[in-house]
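Here are my notes on the model, set out point by point. Please read them with the coordinates open.

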Amino acid sequence: CGAVIAHSAFASGQSADAMVGEARKVASRLLQHIRAEVGAELERSGPIRAVTVCKFSAPELSSAISRQTGMRVTRVSIAPRNPYSGSADAWEQKKLLEFEKRLAKGEKIDDLEVFEIVGEPVGRFFRYLKAIPMGPACSVCHGADDSIPEGVKAMLAGDYPFDPAKNVKVGQIRGAVSVKKPITD
């Protein structure tokens with residue numbers, strides 16, 4: 001995996017390996033919860049309710065995990081459906097583009113992750129990004145226009161009239177889970 005991080009202990013007492021393990025765990029937790037909720041709503045109520053999971057439940061879950069862990073945990077994309085809650089910052093955009101190149105070279109989508117310590121004007125941060133693969137259930141809302149049910153199209157058109165988050169194929173990168181933790185010295 002693409003990593004730029006020293007394997008030493010930080011002032012907080014947490015090793016680089018521990019930080020990566022913790023980030024992987026929270027990213028996996030977020031994705032598992034979202035997939036479970038989307039799948040349950042697809043079975044129970046159909047695709048329109050599944051849209052509301054991504055629109056409302058996923059951000060609430062991200063927020064809850066962020067509060068529990070002290071890390072910023074969120075989903076991001078270069079082409080977010082909701083630019084207010086899903087736009088990738090400069091670091092995330094760069095890494096998502098690198099993920100696309102790695103995928104094109106044959107790397108497995110489930111292995112696409114990156115982590116590093118970055119300096120920002122307000123301090124140093126541990127950053128982690130894990131690719132979100134486009135799955136079959138996601139294609140109900142993010143797939144080709146002709147595969148999206150009419151009710152979902154109408155809902156999306158009303159909520160997101162300039163929606164860039166469609167026409168993604170199963171197996172492509174839909175976005176990523178981003179984890180950001182301040183490094184205290």
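How much space lies in the largest pocket?

1. Pocket volume. The answer is about 740 Å³. Keep in mind that this is a predicted model. The volume is therefore a computed value for a predicted model, with a pocket taken as an open set of grid points over the protein atoms alone.

2. Pocket lining. The largest pocket has 33 lining residues. Nearest its centre lie Cys 54, Ala 58, Arg 75, His 142 and Arg 174. Several elements give two or more residues to this lining. The helices on that list are α1 (16-44), α2 (47-69), α3 (83-86) and α5 (139-142). The strands are β2 (72-76), β4 (123-133) and β5 (173-183). Helix α2 has the largest share, with 7 residues.

3. Pocket chemistry. What is the split of the lining by residue class? The count is 18 nonpolar, 10 polar and 5 charged. Two arginines, Arg 75 and Arg 174, are among the residues nearest the pocket centre.

4. Cys 54. This residue belongs to helix α2, and it is one of those nearest the centre of the largest pocket. Is Cys 54 buried or exposed? Neither label fits: its relative accessible area is 27%, and the buried class stops under 20%, so Cys 54 counts as partly exposed. Leu 42 is 12 residues away from Cys 54 in sequence. In space the two C-alpha atoms are 12 Å apart.

5. Nonpolar core. The largest nonpolar core holds 23 residues. Which residues have the most contacts inside it? They are Leu 30, Val 73, Phe 126, Tyr 128, Val 177 and Val 179. Two or more core residues come from each of α1, α2, β4 and β5. Helix α1 gives the most, with 9 residues. Those four elements also appear among the contributors to the lining of the largest pocket.

6. Rings and charge. How many aromatic pairs does a search of the whole structure find? The result is 0. There is a charge over a ring, however: Lys 180 lies over the face of Phe 125. The distance from the ring centre is 4.5 Å.

7. Backbone at Asn 167. Most residues other than glycine have a negative phi. Asn 167 is not a glycine, yet its phi is positive, at about 65°. Where is Asn 167 found? It sits in the loop between α6 (150-159) and β5.

8. Val 118 and Arg 102. Val 118 is in strand β3. It counts as buried because its relative accessibility is 12%, and the cut-off is under 20%. Val 118 and Trp 91 are 27 residues apart in sequence, with C-alpha atoms 9.1 Å apart. Arg 102 is in helix α4. Its relative accessibility is 17%, so Arg 102 counts as buried too. From Arg 102 to Leu 112 there are 10 residues in sequence and 7.7 Å in space, C-alpha to C-alpha.

9. Glu 107. This residue is found in the loop between α4 (90-104) and β3 (113-120). Why does Glu 107 count as partly exposed? Its relative accessibility is 28%, and the partly exposed class lies between the 20% and 50% limits. Glu 107 and Gly 39 are 68 residues apart in sequence. Their C-alpha atoms are 27 Å apart.

Terms used. Residues numbered from 1 in each chain as written. Predicted model: local features only at pLDDT ≥ 70, side-chain atom pairs only at ≥ 80, totals over all residues. Heavy atoms only, no water. Phe/Tyr/Trp six-rings, centres within 6.5 Å; stacked < 30°, edge-to-face > 60°. Lys NZ or Arg CZ within 6 Å of the ring centre and 35° of its normal. 1 Å grid on protein atoms, 1.4 Å probe; cavity = no way out; pocket = protein on both sides within 12 Å on 5 of 7 lines; lining within 4 Å. Points joined across faces, edges and corners; volume = space filled by probe spheres on them. Nonpolar A, V, L, I, M, F, W, Y, C, P; charged D, E, K, R; others polar. Core = buried A, V, L, I, M, F, W, Y, C linked by side-chain atoms within 4.5 Å. Buried < 20%, exposed > 50% of the residue type's maximum accessible area, 1.4 Å probe, protein only.
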